[in-house]
Amino acid sequence: MYDVKGNLRKVLGDLPDGVRLVAISKYHPNDYIMAAYEEGQRVFGESHEQELRQKVESLPKDIEWHFIGHLQTNKVKYIAPYIQMVEAVDSLKLLKEINKQAAKNDRVIKVLLELHIAEEETKYGLTLDACRELLESGEWRELKNVQICGLMMMASYVEDEAQIRSEMMLASDFFDELKERYFKDDDNFCERSWGMSHDYPIALECNSTMVRIGTTIFGPRVY
Ligand SMILES: *Cc1c(COP(=O)(O)O)cnc(C)c1O
């Protein structure tokens, strides 16, 4: 087995106080997750509903699961009973559906709004303007079973560190703008989820509070 425990300890050693690790376990088997669990890791991220469901059924119940992938509205009902945080909300429609399914389960589900800042065309997420529009509409304030906890983004997958840094700083500045305008008195709006295996050291310099790291801990994914 890949040295999951050693890698995890190394990553955790890199994180300053106030930054949480979401261990991204998609495509990795349960014994890898259990190795991290035995080291004390409790927050894991997955991006496919069926794979997640199987893992939830067979792994310890005190794991906090984050959904990090693109979530189709028709899949929300399956994860609503147990998901702790949906990290990639990119439409009001999805936000409303999460609220509806959370209400059915008598829960409050935490969410992050996903920004599209990277240059890649294929990435999901809200443009800054679309995100402003969503919040400006005010409809989200009526949704009592979701709690908007902050922002999530993926920087462009490039070598150029300056570009990665500028994208992450743009997200960080945008967080400050939203905090000031809509969430001033809401302590729950505090998360900045950026930083993956290849760019988390930069994310730590760009005010990240939550890094999502898979490969560095678990090794390459086998699809
Ligand atoms: C897979 C994935 C990650 C983790 O990527 P690594 O390069 O393996 O660290 C982080 N965030 C999202 C949204 C992902 O889909």
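Asn 207 is placed in the loop that joins helix 8 (200–205) to strand 8 (210–213). The model shown here is a predicted one, and this loop is a convenient point at which to enter it. The backbone of Asn 207 has a positive phi of about 65°, even though the residue is not a glycine. This deserves attention because most residues other than glycine have a negative phi. With a relative accessibility of 36%, Asn 207 counts as partly exposed, because the term covers values between 20% and 50%.

A second residue invites the same kind of inspection. Asp 106 is not a glycine, yet it has a positive phi of about 55°. Asp 106 is located in the loop between helix 5 (92–104) and strand 5 (109–115). Its relative accessible area is 71%, so Asp 106 is exposed.

From these loops the reader may turn to the ligand. Where does the ligand sit? It occupies the largest pocket. The residues around it include Ile 24, Lys 26, Ile 68, Met 152, Met 154 and Met 196. Also among them are Ser 197, Arg 212, Ile 213, Gly 214, Thr 215 and Arg 221. By character, this shell divides into six nonpolar, three polar and three charged residues.

Particular atoms of the protein can be paired with oxygen atoms of the ligand. In the side chain of Lys 26, an N or O atom is 2.6 Å from an oxygen atom of the ligand. Ser 197 places a polar side-chain atom 2.5 Å from a ligand oxygen. In the case of Gly 214, it is a backbone N or O atom that lies 2.9 Å from an oxygen atom of the ligand. Taken alone, the ligand exposes 390 Å², and the protein buries 91% of that area.

Ile 213, one of the residues around the ligand, also provides a link to Trp 194. The two residues are 19 positions apart along the chain, and their C-alpha atoms are separated by 9.8 Å. Trp 194 belongs to the loop between strand 7 (191–193) and helix 8. Is Trp 194 buried or exposed? Its relative accessible area is 0%, and therefore Trp 194 is buried.

Another residue with this value is found in a strand. His 66 is part of strand 3, which comprises residues 64–67. Because its relative accessible area is 0%, His 66 is buried. Which side chain does the side chain of His 66 contact? It makes a polar contact with the side chain of Glu 64, at 2.9 Å.

Tyr 37 may be considered next, in helix 2 (residues 30–38). Its relative accessibility is 14%, and Tyr 37 therefore counts as buried, since the term applies to values under 20%. Tyr 37 and Asp 62 are 25 residues apart in sequence, while their C-alpha atoms are 10.0 Å apart in space.

The tour ends around helix 7. Asp 160 is found in the loop between strand 6 (146–153) and helix 7. At 41% relative accessibility, Asp 160 counts as partly exposed. The side chain of Asp 160 reaches the backbone nitrogen of Ala 162 at a distance of 3.0 Å. Helix 7 itself spans residues 161–182, and Ser 166 has its place there. Ser 166 has a relative accessible area of 44%, so this residue is partly exposed. Between the C-alpha atoms of Ser 166 and Ala 155 there is a separation of 9.2 Å, although the two residues are 11 positions apart along the chain.

Terms used: Residues numbered from 1 in each chain as written. Predicted model: local features only at pLDDT ≥ 70, side-chain atom pairs only at ≥ 80, totals over all residues. Heavy atoms only, no water. Near = heavy atom within 4 Å. Polar contact = N/O pair within 3.5 Å; in protein donor to acceptor, adjacent residues only side chain to side chain. Areas by Shrake-Rupley, 256 points an atom, 1.4 Å probe, with all protein chains shown as cover. 1 Å grid on protein atoms, 1.4 Å probe; cavity = no way out; pocket = protein on both sides within 12 Å on 5 of 7 lines; lining within 4 Å. Sits in = over half its atoms within 2 Å of the grid points. Nonpolar A, V, L, I, M, F, W, Y, C, P; charged D, E, K, R; others polar. Helix = DSSP H or I, 4+ residues; strand = E, 2+ residues; numbered from the N terminus. Buried < 20%, exposed > 50% of the residue type's maximum accessible area, 1.4 Å probe, protein only.
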